[in-house]
Amino acid sequence: MSIDAAHFEAVKISMSQSKDGTVLRLGLHPDDVPPSLYSDWVGSRYMVAMVRLDEQEQPVEMNNRSEIEKIKASCGALCRNPKFQKWVLLDTPVDVNEKNTVEELKRRLGIESRAEFDNNVHARMGFIDMREEFTEWLKNNTR
């Protein structure tokens, strides 16, 4: 059996969640798009392998533990941010403060503490999505 694998470089544009799973949007240079992608049906399945590249075009070793710690630290820092507090608690009847922000965030992510980010990829992805939504909200609501 001969397998025809497509090789191309892509740039991560965004990530979100849908009812079907995580949606990863990649940007490809038009010259790098494999011709078969144009003719394959929407819904076609692919096996994908990705390696992050550094500035010298060399693969970057991912330290997953370090990435998780950064997500946990980001979550803690954002919960102390008054603008994030306002955004998270926008449609709730509670006072805007760190404690209520933490409680609302835990409720939305379905976790009891940030420690659950260690083993709960869905909570991590949910927080990353929230952080991206907050960044977009901030761009549109900063004067």
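The disulfide count in this structure is 0. The model is a predicted one, and its cysteines make a good place to start. Cysteine 75 takes part in no disulfide. Its nearest cysteine sulfur belongs to cysteine 79, 4.5 Å away. Why does that pair not count as bonded? The sulfur of cysteine 79 has its closest cysteine sulfur in cysteine 75, and at 4.5 Å the two are too far apart for a bond. A disulfide would need the sulfur atoms within 2.5 Å. Both residues are hidden from solvent by the accessibility rule. Cysteine 75 is buried, because its relative accessible area of 3% falls under 20%. Cysteine 79 is buried too, with a relative accessible area of 4%.

Cysteine 79 leads on to glutamine 85. The glutamine 85 side chain reaches the backbone oxygen of cysteine 79 at 2.8 Å. Glutamine 85 sits in helix H3, which runs over residues 82–88. Is glutamine 85 buried or exposed? Its relative accessible area is 9%, so glutamine 85 is buried. Which residues does it touch, leaving out those up to four places away in sequence? They are Cys79, Arg80, Val96, Asn97, Glu98 and Thr101. One of these contacts, Val96, can also be placed by backbone distance. Glutamine 85 and valine 96 are 11 residues apart along the chain, and their C-alpha atoms are separated by 6.0 Å.

Now turn to the nonpolar packing. The largest nonpolar core holds 21 residues. Phe84, Trp87, Leu105, Leu109, Phe117 and Phe127 have the most contacts inside this core. Four elements give two or more residues to it: helix H2 (64–79), H3, helix H4 (98–109) and helix H5 (121–141). H5 supplies the largest share, 7 residues. Leu109 shows some of the contacts in detail. Beyond its neighbours within four places in sequence, leucine 109 is in contact with Phe117, Ala123, Gly126, Phe127 and Met130.

The next feature is a pocket. The largest pocket has a volume of about 2,200 Å³. Its lining is made of 50 residues. Which of them lie nearest the centre? Those are Leu24, Leu26, Val48, Ala49 and Met50. Strand S1 (10–18), strand S2 (21–28), helix H1 (35–39), H2 and H5 each give two or more residues to the lining. S2 provides the largest share of that lining, 7 residues. Two of the elements listed here, H2 and H5, also appear in the list for the core.

Two aspartates finish the tour. Aspartate 40 lies in the loop between H1 and H2. Its relative accessible area is 31%, so aspartate 40 is partly exposed. The aspartate 40 side chain makes a polar contact with the side chain of tyrosine 46, at 2.8 Å.

Aspartate 54 is also in the loop between H1 and H2. Why is aspartate 54 called partly exposed? Its relative accessible area is 28%, and partly exposed covers values between the 20% limit for buried and the 50% limit for exposed. How far does aspartate 54 lie from serine 39 in space? The two are 15 residues apart in sequence and 32 Å apart, C-alpha to C-alpha.

Notes:
Residues are numbered from 1 along each chain as its sequence is written. This is a predicted model: local features need pLDDT of at least 70, side-chain atom pairs count only at pLDDT 80 or more; totals for chains, interfaces and linings use all residues. Side-chain values use heavy atoms; hydrogens and water are left out. Buried means under 20% relative accessible area, exposed over 50%, partly exposed in between (1.4 Å probe, protein chains only). A polar contact is a pair of N or O atoms within 3.5 Å; within protein, one must be able to donate a hydrogen and the other to accept it, and residues adjacent in sequence count only if both atoms are side-chain atoms. Contact means heavy atoms within 4.5 Å. A nonpolar core is a set of buried Ala, Val, Leu, Ile, Met, Phe, Trp, Tyr and Cys residues joined through side-chain atoms within 4.5 Å. On a 1 Å grid over the protein atoms alone, a cavity is a set of points where a 1.4 Å probe fits but cannot get out, and a pocket is an open set with protein on both sides within 12 Å along at least five of seven lines; lining residues have an atom within 4 Å of a point. Grid points are joined across faces, edges and corners, and a volume is the space filled by probe spheres set on the points.
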